[in-house]
Amino acid sequence: MIRVKKIAHAAYDVPDLDSQVEYYTDVLGLTVTGKEKDAVYLASTIDHHSIVVRKGAQAQCVRVGFQIGPEDDLHAFEKQVQGHGVKTQRKKDPEPTISDMVVFEDPKGTVMEVFKRDAFAGQRFPNKGIVPFKLGHVAFHVTDVKHVTKFYCDVLGFRESDWMADFFSFLRCGPDHHTINLMGTGSNRHFHTAFELRDWSHLQTACDYLSLNGYKLLWGPGRHGIGHNLFAYHRSPAGLITETFAELDRMNEELGYFEPRPWHRDHPQRPKVWPKDPAASNLWGIMPGEEMMK
Ligand SMILES: [Fe+2]
């Protein structure tokens with residue numbers, strides 16, 4: 001099977017394009033790499049874009065892009081998707097630096113955009129704003145977590161890293177513990193989008209920078225049990241939740257366990273089903289308020 005290798009970008013509709021773009025550039029520290037009528041492309045480093053924002057009636061994540069490997073055959077990947085009874089579309093030159101793309105919907109209606117990266121953009125890290133390493137993961141509320149999880153594993157080649165009880169799955173498509181996570185809550189919508197920072201001191205700087213710019217934390221800083229990442233959540237102007245994180249678990253695929261860390265409780269730390277326990281959410285003990293679930 002051909003597996004996607006990386007989360008490349010996420011695309012959002014927002015009612016107020018200007019304020020969201022200002023947030024992504026001035027606060028998060030992404031670079032504007034392209035503008036079209038009612039659409040702005042924003043990037044972190046080597047990719048032309050990791051975030052796309054378009055003007056839309058309501059704030060939502062509409063599309064997620066995934067990259068396959070340079071030796072992978074996009075046509076064979078399309079056949080693989082169709083083999084699961086999923087209707088696909090082929091798009092030529094759909095976006096800057098992407099010449100060929102297979103497009104289809106996941107079971108909750110989010111558009112999947114799978115492609116081979118033809119060219120790297122190579123912009124530098126800016127020196128203003130938080131400036132994450134990269135887009136890390138997108139988390140969704142879903143109505144049928146088992147079905148959607150199976151879709152990502154069977155159709156896109158994701159692997160299950162962890163579950164919280166039977167309602168929250170964490171899925172990887174590379175060494176990072178999760179690039180997609182799915183929480184069964186009875187609705188289909190965006191939960192949060194996460195950006196990877198360097199380390200704890202970068203997270204501290206980010207929290208101070210958010211505060212100076214009028215952004216209050218919704219939850220954190222803390223350390224998740226599942227994935228063991230340091231985290232802090234806030235809400236962007238459009239209302240979409242952003243997570244900044246560091247020290248996410250990294251899988252050694254050949255050995256089947258996550259790289260050992262001092263904060264692990266299991267030795268080795270392998271994929272498992274975690275009990276629905278506060279430690280799975282935050283090893284440091286502080287639980288999220290209701291604001292996180294809005
Ligand atoms: Fe997250």
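These notebook entries record what I looked up in a predicted model.

**Iron site**

I began with the iron ion and its protein donors. I found three listed: His-137 through NE2, His-192 through NE2 and Glu-243 through OE, at 2.0 to 2.1 Å from the ion. I noted their spacing in sequence as H-x54-H-x50-E. His-137 belongs to strand β9 (residues 134-142) and His-192 to strand β13 (residues 189-196), so this pair ties together parts that are 55 residues apart in sequence.

I then checked the accessibility of the two histidines. His-137 has a relative accessible area of 0% and is therefore buried. His-192 is buried as well, at 2%.

Thr-193 was my next entry, as a residue of strand β13. Its relative accessible area is 3%, which lies under the 20% limit, and I recorded Thr-193 as buried. Beyond its neighbours within four places in sequence, Thr-193 is in contact with residues including the donors His-137 and Glu-243. Tyr-12, Leu-135, Val-138, Ile-241 and Thr-242 are also among the contacts of Thr-193.

**Sheet**

I traced the open sheet of nine strands and wrote down its order as β14-β15-β16-β13-β9-β12-β11-β10-β19, with mixed pairing. At its edges I found β14 (217-223) and β19 (272-274), each of which pairs on one side only. On average, neighbouring strands of the sheet are turned by 20° against each other, direction ignored.

I looked at the β14 edge in detail. Strands β14 and β15 (residues 230-235) run antiparallel and are joined by four bridges. Leu-217 has His-234 in β15 as its bridge partner. Across β14, β15 and β16 (241-246) lies helix α4 (residues 200-212), which runs at about 20° to β15.

**Nonpolar cores**

I examined the largest nonpolar core, which has 58 residues. The residues with the most contacts inside this core are Tyr-24, Phe-66, Phe-104, Tyr-152, Leu-156 and Phe-158. Helix α3 (residues 145-156) supplies the largest share of the core, seven residues. I also recorded a second, separate core of 15 residues, with Met-164, Phe-168, Phe-231 and Ile-241 among them.

For Tyr-24, I listed the contacts that remain once neighbours within four places in sequence are left aside: Tyr-12, Gly-29, Leu-30, Leu-42, Ile-51, Val-53 and Phe-195.

**Aromatic pairs**

I searched the whole structure and obtained 13 aromatic pairs. In one of them, the ring centres of Tyr-23 and Tyr-24 are 5.3 Å apart and the planes stand at 55°, so I entered the pair as tilted. Tyr-23 is buried at 1% relative accessible area, and Tyr-24 is buried at 3%.

Phe-168 and Phe-170 form a tilted pair too, with 4.5 Å from centre to centre and 35° between the planes. I found Phe-168 buried at 9% and Phe-170 buried at 6%. I also noted one aromatic cluster formed by Phe-66, Phe-77, Phe-104, Phe-151, Tyr-152 and Phe-158.

**Lys-276**

My last entry concerns Lys-276, which I located in the loop between β19 and α5 (278-281). Its relative accessible area is 65%, and Lys-276 is therefore exposed. Apart from neighbours within four places in sequence, Lys-276 is in contact with Met-164, Ala-165 and Phe-167. I compared its position with that of Pro-15, 261 residues away along the chain: the two C-alpha atoms are separated by 36 Å.

Terms used. Residues are numbered from 1 along each chain as its sequence is written. This is a predicted model: local features need pLDDT of at least 70, side-chain atom pairs count only at pLDDT 80 or more; totals for chains, interfaces and linings use all residues. Side-chain values use heavy atoms; hydrogens and water are left out. Donors are N, O and S atoms within 2.8 Å of the metal (3.2 Å for Na, K and Ca); water is not among the atoms, so sites may look incomplete. Helices (H or I, at least four residues) and strands (E, at least two) are DSSP runs, numbered from the N terminus. Buried means under 20% relative accessible area, exposed over 50%, partly exposed in between (1.4 Å probe, protein chains only). A nonpolar core is a set of buried Ala, Val, Leu, Ile, Met, Phe, Trp, Tyr and Cys residues joined through side-chain atoms within 4.5 Å. Contact means heavy atoms within 4.5 Å. Two strands pair if DSSP finds at least two bridges between them. Axes are lines fitted to C-alpha atoms, for helices over the stretch in contact, and angles run from 0 to 180 degrees between N-to-C directions. Rings of Phe, Tyr and Trp (its six-membered ring) pair if their centres lie within 6.5 Å; planes under 30 degrees apart count as stacked, over 60 as edge-to-face and the rest as tilted.
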